[in-house]
Amino acid sequence: MKKKLMILGAGDVQLYLLEAAQELGYETVVCDMRPEMEASKRADRYYPVNYMDRAAILDIARKEQVDGVISNSEPAMLNVAYLCEELSLPGNSMESVETLLSKTKFRALQKKVGAFAPEFAVAASEEELFAAMRGMRYPVIIKPNESSGTRGTTKLLEYDEEAARAAFQVCREFSRNNLVSVEEY
């Protein structure tokens with residue numbers, strides 16, 4: 001009997017996961033809201049569901065009796081961990097994934113284990129951002145607290161409230177938790 005792998009997401013980058021799984025002989029189950037995506041079309045089974053909907057993907061995973069769950073989409077990684085925990089499958093814990101997805105939680109972990117980490121802070125408001133920036137050495141970098149890639153990232157060479165305010169607004173739009181990080185560059 002073939003092993004069954006659930007893939008969260010059907011974008012171009014997940015197509016590589018699908019192809020590799022099928023080459024290894026796995027049966028594939030893809031969850032994504034976009035039926036027009038190539039991975040949706042080529043999966044052994046496709047479910048038109050938002051892979052961020054935990055209840056829906058858990059129901060599908062149980063129904064399909066999957067042997068594993070994978071994604072290479074950063075936002076989906078917490079749900080991969082959730083499914084692995086709920087189904088007693090091997091994988092990273094939700095706690096570890098949450099730490100790696102949050103820039104400030106990751107910096108706190110670095111400090112806790114004695115690894116280098118720049119001075120950092122998290123801000124929910126412009127005022128919190130300004131207060132944190134006043135205590136830092138420049139340059140500083142302002143970035144979304146939970147976001148993949150460098151979208152919204154701004155480097156400030158000196159204290160500048162106008163530039164920081166603009167960076168805060170952009171970063172907040174890209175941050176999945178609406179928080180903004182600032183750290184010494």
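Modeller: Before we start, a residue is buried here if its relative accessible area is under 20%, exposed if over 50%, and partly exposed in between, using a 1.4 Å probe and protein chains only. This is a predicted model, where local features need pLDDT of at least 70 and side-chain atom pairs count only at pLDDT 80 or more, while totals for chains, interfaces and linings use all residues. Residues are numbered from 1 along each chain as its sequence is written, and side-chain values use heavy atoms, with hydrogens and water left out.

Colleague: Fine. What makes strand 8 largely enclosed by the rest of the structure?

Modeller: Strands are DSSP runs of E, at least two residues long, and helices are runs of H or I, at least four, both numbered from the N terminus. Strand 8 covers residues 180-184, and 5 of its 5 residues are buried, so the rest of the structure largely encloses it. Val180, Val182 and Glu184 point one way, Ser181 and Glu183 the other, and all are buried.

Colleague: How do you know that strand 5 and strand 6 pair with strand 8?

Modeller: Pairing requires DSSP to find at least two bridges between the two strands. Strand 5 (residues 120-123) has 4 bridges to strand 8, antiparallel, with alanine 121 partnered by valine 182. Strand 6 (residues 140-144) has 5, also antiparallel, and there isoleucine 141 partners glutamate 183.

Colleague: On to the cysteines. Why is cysteine 31 called buried?

Modeller: Its relative accessibility is 0%, so cysteine 31 counts as buried. Cysteine 84, at 4%, counts as buried too.

Colleague: How do you know that cysteine 84 has no bond to cysteine 31?

Modeller: A disulfide is a pair of cysteine sulfur atoms within 2.5 Å. The closest cysteine sulfur to that of cysteine 84 is in cysteine 31, 13 Å away, so it is too far for a bond. The disulfide count comes to 0.

Colleague: What makes a set of residues a nonpolar core?

Modeller: The members are buried Ala, Val, Leu, Ile, Met, Phe, Trp, Tyr and Cys residues, joined through side-chain atoms within 4.5 Å. The largest one here has 25 residues, and Met6, Leu8, Cys31, Val69 and Leu83 have the most contacts inside it. Strand 1 (4-8), strand 2 (27-31), helix 3 (54-64), helix 4 (77-87) and helix 5 (94-101) each supply at least two of its residues. Helix 4 gives the most, with 6 residues. Another core, of 16 residues, lies apart from it and includes Leu129, Met136, Ile142 and Leu156.
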